[in-house]
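Subject: The structure for you to look at

Hello,

Here is the structure I promised to pass on. Have a look around first, and then read on for what turned up in it.

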Amino acid sequence: MLVNTVQFSKVSEPLLVASFFLFLQQSQDVYRGKVYTKHHGSLKKKKIGLIPKCDYQKTIDALKAAADNSHAKGRLGYYLLEKYEELQCRPTEKLIKRRSTRQESSLYYVSIEETFDVVKSAHISTRHCGRDRLLKELHKKYANISTKAVELLKSLCKECQKKRKRPMTKGVVVRPILTKEFSSRGQVDLIGPFA
């Protein structure tokens, strides 16, 4: 009998890992879909800092072109140079917020596709804390993580859903008085000031 349970646990372990990764992928897809729909209008107006991956790379390319071309930058070139910097990480290039001095810490811009991974890792590292504490932690390193993106992840987190569920409070009257005739029974409250 012991051998069967050991074999069962060996079989179920890969299934648990596979089901966990499937759940993670599904929640990631749901998250990205909701972020795209919530910020679709504001992405067109350029009011939100969440950037799609293709626009992220276009912004880096336009920033490089504006930095290389010293004579004819144009309005967009000046805007990009004033707002962004490019940070060269070995294989990739990252977009960071413009720093006033080199000693100032870098605040990274994140694309929509990377938002889930960034917020999820910060959420887990802060032990499923509240929205404000998580935003404070994220704003130390990232420039464009919005409150809506954090709230959306918290609404998808199963651990946070378990923490939010609280037992329902029961009514004040535990046993109501049931009578067949009017004024045949009465109830007196014994708690209170006696004069």
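How much area does the protein chain expose, and what share of it do carbon and sulfur atoms supply? The protein chain exposes about 15200 Å², and 57% of that comes from carbon and sulfur atoms. Please keep in mind that this is a predicted model.

To get your bearings, start with the overall layout. The protein chain has 7 helices and 2 strands, and from the N terminus on the elements run α-α-α-β-β-α-α-α-α. Of the 195 residues in the protein chain, 27% are buried. If you take the contacts between residues at least 6 apart in sequence, 54% of them join residues at least 24 apart.

Next, the two strands. β1 and β2 run antiparallel and are joined by 5 bridges. They form a hairpin, with 4 residues between them. One place to look is tyrosine 84, which stands opposite lysine 97 in β2.

Helix α3, residues 74–83, is worth a visit too. Which of its residues are buried? They are Gly77, Leu80 and Leu81. Looking down the axis of α3, you will find its buried residues within an arc of 95°, so they line one face of the helix. A general point helps here: an α-helix has 3.6 residues a turn, so residues three or four places apart point the same way. The buried residues of α3 pack against β1 and against α2, which covers residues 53–68. On the face of α3 turned away from that buried side sit Arg75 and Glu82, both exposed.

Now for the aromatic rings. The count comes to 2 aromatic pairs. In one of them, tyrosine 84 and tyrosine 109 meet edge-to-face, at 5.0 Å centre to centre and with 75° between the planes. This pair links distant parts of the chain: tyrosine 84 belongs to strand β1 (residues 84–88), while tyrosine 109 lies in the loop between β2 (93–97) and α4 (112–125), 25 residues apart. Both of these tyrosines, 84 and 109, are buried.

Tyrosine 108 and tyrosine 142 also form an aromatic pair, and this one is tilted, with 6.4 Å centre to centre and 50° between the planes. It too links distant parts of the chain, 34 residues apart: tyrosine 108 is in the loop between β2 and α4, and tyrosine 142 is in the loop between α5 (131–138) and α6 (147–156). Are these two rings' residues buried or exposed? Tyrosine 108 has a relative accessible area of 22%, so it is partly exposed. Tyrosine 142 has 17% relative accessibility and therefore counts as buried, since the cut-off for buried is under 20%.

Last, the cysteines. How many disulfides does a search of the whole structure find? The search finds 0. Cysteine 157 is in no disulfide, and the nearest cysteine sulfur, that of cysteine 160, is 3.7 Å away. Why does that distance not count? A disulfide needs the two sulfur atoms within 2.5 Å. Cysteine 160 is likewise in no disulfide. At 5% relative accessibility, cysteine 157 counts as buried, and cysteine 160 counts as buried at 5% as well.

Enjoy exploring it!

Best wishes

Technical notes: Residues are numbered from 1 along each chain as its sequence is written. This is a predicted model: local features need pLDDT of at least 70, side-chain atom pairs count only at pLDDT 80 or more; totals for chains, interfaces and linings use all residues. Side-chain values use heavy atoms; hydrogens and water are left out. Rings of Phe, Tyr and Trp (its six-membered ring) pair if their centres lie within 6.5 Å; planes under 30 degrees apart count as stacked, over 60 as edge-to-face and the rest as tilted. Buried means under 20% relative accessible area, exposed over 50%, partly exposed in between (1.4 Å probe, protein chains only). Two strands pair if DSSP finds at least two bridges between them. The arc is that of the directions from the helix axis to the C-beta atoms. Contact means heavy atoms within 4.5 Å. Accessible areas come from the Shrake-Rupley method with a 1.4 Å probe; for residues, only the protein chains shown count as cover.
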